[in-house]
Amino acid sequence: MMKSIARYISLCCLVLFPVVIFSETLTVIDARGGTTVIGTLLFDREEYLPMAELIGPWEGQATWSDIEGRAEVKLPGHTLRLSGENTFFLMDGRSYNLYNPARVYDSELWVPLELFTRFLIPVWGKGVGWDPQGRKLSLGMLDPRQVSIPQARPRLPQETRVIEKVVIDAGHGGKDPGAVGPTRLQEKDINLDIAFRLKTILEDRYGVNVVMTRDDDVFIPLGDRTAIANREAADIFISIHCNAAPKKKRNRSTTRGVETYFLSLAKTDDARATAAMENSAIQFEQPDKKNANFDDIQLILWDVMQNEFLKESSDLAEWIQEALSDGLAVPNRGVSQAGFYVLNGAYMPSVLVETSFISHPEEEKFLKKTTFRQNVAEGIAQGLREFAKRYKCKFGRMEPK
Ligand SMILES: [Zn+2]
C-alpha cells in the first residue's frame, strides 16, 4: 500500500512539474482576418497553446472548472471538452485520444498543437487551419496562408539528433503476472530482470539515461507506461515481454522463438494472438473489459500508420531482432507488427520484444538462466546501438559515427 501511495505521489510530481521550455509565438487569425499573437510553451517537446486566449478569436464561450482543470468550450457549431493531464477529450460528443495531455500550468489550461493538427483540422475541415511555415492558426474559416502578417519568427534549425533517454518497460507486474510457464515461472519477474540488465548496459557502457516504467513488482496500467515515456520526453521506448502460445493451441508445447514487434495493424493470426494476450493485461485495470474486443485499438491505428515514427520503429525492431537472433540459441521468428495497447500513443520510436516463449518447456528453462537473460539484454542494446549508427544519432556519450 505504501508503495502504491509513494508511486502515486511520484507520478503526481511528474504531472505537476513537467518539463517546460519557453517556446515562441504563433499568430491566431479570427474570422475577420484579425490577428492576435500568443505565446506558446513546450512541454515534453510538444507545443502548447493557452486555451483562454483562443476563445475570443474563436468567438466561443468557455465554462471552466478550476479544481479539475476542466473546460467546456462552445464554438460556432461545435463543442470541445478537455481536462488537465488527460489525453482524452470530447469533440462534439465523441471521445478522442491525444498523444500529449491537455495541461494545467500557471492556473491556465494549455492544449497541445496536435489537438488542431491531428483532430480539429481533419475532422472539422475548413473551420480551422494551420500554416506551419508562417506559424499561423486560423480559427475562422480563413486560409492562414492567405493572411499576411508582419514578420513571423523563423524556427530554429534542427540540432544533431541525440538518443540520450531510453524508457525501458518491464511488462506486467504486481497483480498481473503476465504469462506463466510450465513450472510456474512468471513472466513479470523475467521481464523486470532483463529490464535491469539492459538498464545497466545502457547506462554504464553508453552513458544513456534510463527511465524504468517500474523498478519493482508493482502493477502499472498499460496507458501509464507510454504516458511516462511521453512525460519523460524519451527518445526510445522498449517494452520487454515473454511470449506464450495460446492455451488451446494444439502446438502450444512446440511454439517457440524470439520476435520483435512494432505497433501497426496485425498482419497474421499469430501476431494478433500475441497482441491480444499482452493487451489482456487491461482486465486488471477494468475488470468489465475482460472480454473486450480490442478492435477499438485498430480503429485508432489509422493515425499511427501516418505516424512519423512508424518507419523508425520498424527499423529499430529489425535491428534489435537481428542482434537477438544472432545472440540467442532460439528460433528467429522475425519482426512482426500488431496493435499493442502499450505501444499506442508513444511519441517516439517504440518496440515490444517477446524474448522467447515461457510456455515452451525448453525456453522456460533458458529464461531461468542468467546468461540467457543477459544475452537478451545485450541483443537489445546492440540493436539500439545499430539504430543510433544508422540514423547518425549521438548515443548517450558516444558521438555519431
Ligand atoms: Zn507480456
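These legends describe close-up views of a predicted model.

**Figure 1. The whole chain in outline.**
The protein chain has 10 helices and 19 strands. Of its 401 residues, 51% are buried. Contacts often span long stretches of sequence: among those between residues at least 6 apart, 67% join residues at least 24 apart. The views that follow pick out several such meetings, along with a metal site and a cavity.

**Figure 2. The zinc ion and its donors.**
Which residues hold the zinc ion? The ion is coordinated by His-172 through NE2, Glu-187 through OE, His-241 through ND1, and Glu-278 through two OE contacts. These distances run from 2.0 to 2.5 Å. Along the chain the donors follow the spacing H-x14-E-x53-H-x36-E. His-172 and Glu-187 are 15 residues apart, and the pair links distant parts of the chain. His-172 sits in the loop between strand E13 (165–170) and helix H4 (187–206), whereas Glu-187 belongs to helix H4. Both His-172 and Glu-187 are buried.

**Figure 3. His-172, a zinc ligand with a positive phi.**
His-172 has a positive phi of about 65°, although it is not a glycine. Most residues other than glycine have a negative phi. The residue lies in the loop between E13 and H4. Is His-172 buried or exposed? His-172 is buried, because its relative accessible area of 6% falls under the 20% cut-off. Its NE2 atom is one of the donors to the zinc ion.

**Figure 4. The second largest cavity.**
A search of the whole structure finds 2 cavities of 30 Å³ or more. The second largest holds about 40 Å³ of space. Its lining is made up of Asp-169, Gly-171, His-172, Asp-176, Leu-222, Arg-225, His-241, Glu-278, Ala-281 and Val-342. By type, the lining residues divide into 3 nonpolar, 3 polar and 4 charged. His-172, His-241 and Glu-278 appear in this lining and also coordinate the zinc ion.

**Figure 5. Helix H6 and its buried face.**
Helix H6 covers residues 269–279. Its buried residues are Ala-271, Thr-274, Ala-275, Glu-278 and Asn-279. Seen down the helix axis, these buried residues fall within an arc of 130°, so they line one face of H6. An α-helix has 3.6 residues a turn, so residues three or four places apart point the same way. Glu-278, one of the buried residues of H6, is also a zinc ligand.

**Figure 6. Helix H3 and the glycine after it.**
Helix H3 runs over residues 114–124. Its buried residues are Glu-114, Leu-115, Phe-116, Arg-118, Phe-119, Leu-120 and Trp-124. What follows the helix? Just after H3 comes Gly-125, with a positive phi of about 65°.

**Figure 7. Asp-92 in a loop between strands.**
Asp-92 lies in the loop between strand E7 (86–91) and strand E8 (94–105). The residue is not a glycine, yet its phi is positive, at about 50°. Asp-92 is partly exposed, with a relative accessible area of 39%. His-172, another residue with a positive phi, is buried.

**Figure 8. Helices H8 and H10 in contact.**
Ala-323 lies in helix H8 (residues 310–327). Gly-383 is found in helix H10 (residues 370–390). Both are buried: Ala-323 has a relative accessible area of 9%, and Gly-383 has one of 0%. Leaving out residues up to four places away in sequence, Ala-323 touches Gly-379, Gln-382 and Gly-383. On the same basis, Gly-383 touches Leu-316, Trp-319, Ile-320 and Ala-323. C-alpha to C-alpha, Ala-323 is 8.7 Å from Ala-381, with their positions 58 residues apart in sequence. Gly-383 and Glu-318 are 65 residues apart in sequence and 8.1 Å apart in space, again C-alpha to C-alpha.

**Figure 9. Val-208 and its contacts.**
Val-208 lies in the loop between H4 and strand E14 (209–212). Val-208 is buried, with a relative accessible area of 3%. Which residues does Val-208 touch, not counting those up to four places away in sequence? They are Ile-163, Glu-164, Lys-165, Val-166, Leu-202, Glu-203, Phe-395 and Gly-396. Arg-397 is 189 residues from Val-208 along the chain, yet their C-alpha atoms are separated by 7.1 Å.

Key: Residues numbered from 1 in each chain as written. Predicted model: local features only at pLDDT ≥ 70, side-chain atom pairs only at ≥ 80, totals over all residues. Heavy atoms only, no water. Buried < 20%, exposed > 50% of the residue type's maximum accessible area, 1.4 Å probe, protein only. Helix = DSSP H or I, 4+ residues; strand = E, 2+ residues; numbered from the N terminus. Arc of directions from axis to C-beta. 1 Å grid on protein atoms, 1.4 Å probe; cavity = no way out; pocket = protein on both sides within 12 Å on 5 of 7 lines; lining within 4 Å. Points joined across faces, edges and corners; volume = space filled by probe spheres on them. Nonpolar A, V, L, I, M, F, W, Y, C, P; charged D, E, K, R; others polar. Donors = N, O, S within 2.8 Å, 3.2 Å for Na, K, Ca; no water. Contact = heavy atoms within 4.5 Å.
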